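I opened this notebook to record, entry by entry, what I looked up in one molecular structure. The structure is placed here first, and my entries follow.

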Amino acid sequence: MRIPLLDLQAQYLTIKEEINEAIQNVLNSSVYILGPQMKTLEKEIAAFCGTKEAVAVGNGTDALVLTLKAFGIGPGDEVITTPFTFFASAETIAQVGATPVFVDIDPVTLNMDITQLEGKITSKTKAIIPVHIFGQMLDVEKIMEIAARHDLKVIEDAAQAIGAEYGGKKAGSIGHASTFSFFPTKNLGAYGDAGMIVTNDEDLAAQLRMLRFHGCKVKYYHDEIGYNSRLDELQAAILRVKLRYLDGWNEARREKAKVYDELLKDLPVILPGRDPQALSIYHLYVLRSLRREELMEALKKAGIACAVYYPVPLHLQHAFDNLGYQEGDFPVAEKACQEALAIPAYPELSRAAQEEICDVIKGVYCGK
Ligand SMILES: *Cc1c(COP(=O)(O)O)cnc(C)c1O
């Protein structure tokens, strides 16, 4: 059978009536930007994460840019993040004129290695952006302790982790501010671009609301240079429907992960590494293997989609050539980029499909 990496069509069909009605209601209202759907979604996301405030923006990348700007971070400042993430986590640091500083990752969880963090802090450091990679949180409370000692801001890039927990606390609820992406393939995906920032800091939220709307508090009175970055009413209405299903979908992904763990446990592949305190939402189920290319070829031949997250660590991206990093600087991240392979683990995936995927993987190791 043909198996995609993610099946958004299958998901839509399970909630089609509600989605269509939500879209129709927005069309009937003729309010498209900064309207009641967005404002209600903000309240619902804040409640979901357990934060005081949520500010809706155009996408997850803008969420990071606006947050960095609101914290006054710019030229001359350094911001520490991981080299094993989507480009935007570090691109946004450069976009505001600051310098991304990388720290290698933990070989088990592939999240930022917190034990190496303090060694990267200089007098120029202003913030830390930990990323909850593939939907598994890292210990943000520990990062907050380090940040407090050096007077730094912590921005959780929770783009892949809405609904994930660490020690019973939700992703986004611990940092000074946290960002989400609702890109269509994320666990909570819109049908277009959308993003959100959550925080307990009401002044920061007010500042972010200004920044997303051309630096205005009152229309046509501009207090500063801002952006045009809003989450539109159609996307907000769609996300409000999908948010009601998110916990169930995340639970279904955890069940798929459990099945893979069981079916693949005797093979010489490295299964996703876990922190016992973390409750992952498996944005992606990522195996590691030195024989990745063979696995990809076999899966492809069987009609099964798979993908490499991420082929190149950020310190070796050409866009960051100016930072002067070299191969060998972050060996754990570099190795992960050579070995990581995501296989389908979306909520609607059938047990039969999972068994077929595992048979193909077994075939590679058993020389079939
Ligand atoms: C998706 C993603 C982003 C960017 O979100 P967009 O909505 O695509 O702009 C940022 N960081 C991480 C870790 C992501 O996975």
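Which pocket holds the space taken by the ligand? I found that the ligand takes up the space of the largest pocket. I note at the outset that the model is predicted.

**Entry: the pocket**

I looked up the volume of the largest pocket, and it is about 530 Å³. Its lining is made of 29 residues, and Q160, F183, T185, K186 and H283 are the closest to the pocket centre. I then sorted the lining by class and recorded 15 nonpolar, 10 polar and four charged residues.

Next I asked which elements supply at least two residues each to this lining. They are α4, α5 and β8, the last of which spans 177–181. The most comes from α4, which gives three residues.

**Entry: the ligand and its neighbours**

I turned from the pocket to the ligand itself. There are 14 residues around the ligand, and those that come nearest are G60, T61, D157, S181 and K186. K186 is thus one of the nearest residues to the ligand and also among the closest to the centre of the largest pocket.

I looked up three polar contacts in turn. The backbone of G60 provides a polar atom 2.8 Å from an oxygen atom of the ligand. The side chain of D157 has an N or O atom 2.8 Å from a nitrogen atom of the ligand. The side chain of K186 places a polar atom 3.0 Å from a ligand oxygen atom.

How much of the ligand does the protein bury? Taken alone, the ligand exposes 380 Å², and the protein buries 92% of that area.

The elements that contribute two or more residues to the shell around the ligand are α4, at 60–70, and α5, at 88–95. I recorded the classes of this shell as five nonpolar, seven polar and two charged residues.

**Entry: the cavities**

I also asked how many cavities of 30 Å³ or more the structure holds. The count is two. The largest cavity has a volume of about 160 Å³. Its lining has 15 residues, of which T109, F134, Q136, P272 and G273 are the closest to its centre. By class, I wrote down nine nonpolar, four polar and two charged residues for this lining.

**Entry: two backbone details**

Where does a cis peptide bond occur? I found one joining Y309 and Y310, with omega about 0°. Y310 belongs to the loop that runs between α9 (292–301) and α10 (331–339).

I then checked L110, whose phi is near 65°. This is a positive value in a residue other than glycine. L110 is located in the loop between β3 (99–102) and β4 (125–129).

Key:
Residues numbered from 1 in each chain as written. Predicted model: local features only at pLDDT ≥ 70, side-chain atom pairs only at ≥ 80, totals over all residues. Heavy atoms only, no water. Near = heavy atom within 4 Å. Polar contact = N/O pair within 3.5 Å; in protein donor to acceptor, adjacent residues only side chain to side chain. Areas by Shrake-Rupley, 256 points an atom, 1.4 Å probe, with all protein chains shown as cover. 1 Å grid on protein atoms, 1.4 Å probe; cavity = no way out; pocket = protein on both sides within 12 Å on 5 of 7 lines; lining within 4 Å. Sits in = over half its atoms within 2 Å of the grid points. Helix = DSSP H or I, 4+ residues; strand = E, 2+ residues; numbered from the N terminus. Nonpolar A, V, L, I, M, F, W, Y, C, P; charged D, E, K, R; others polar. Points joined across faces, edges and corners; volume = space filled by probe spheres on them.
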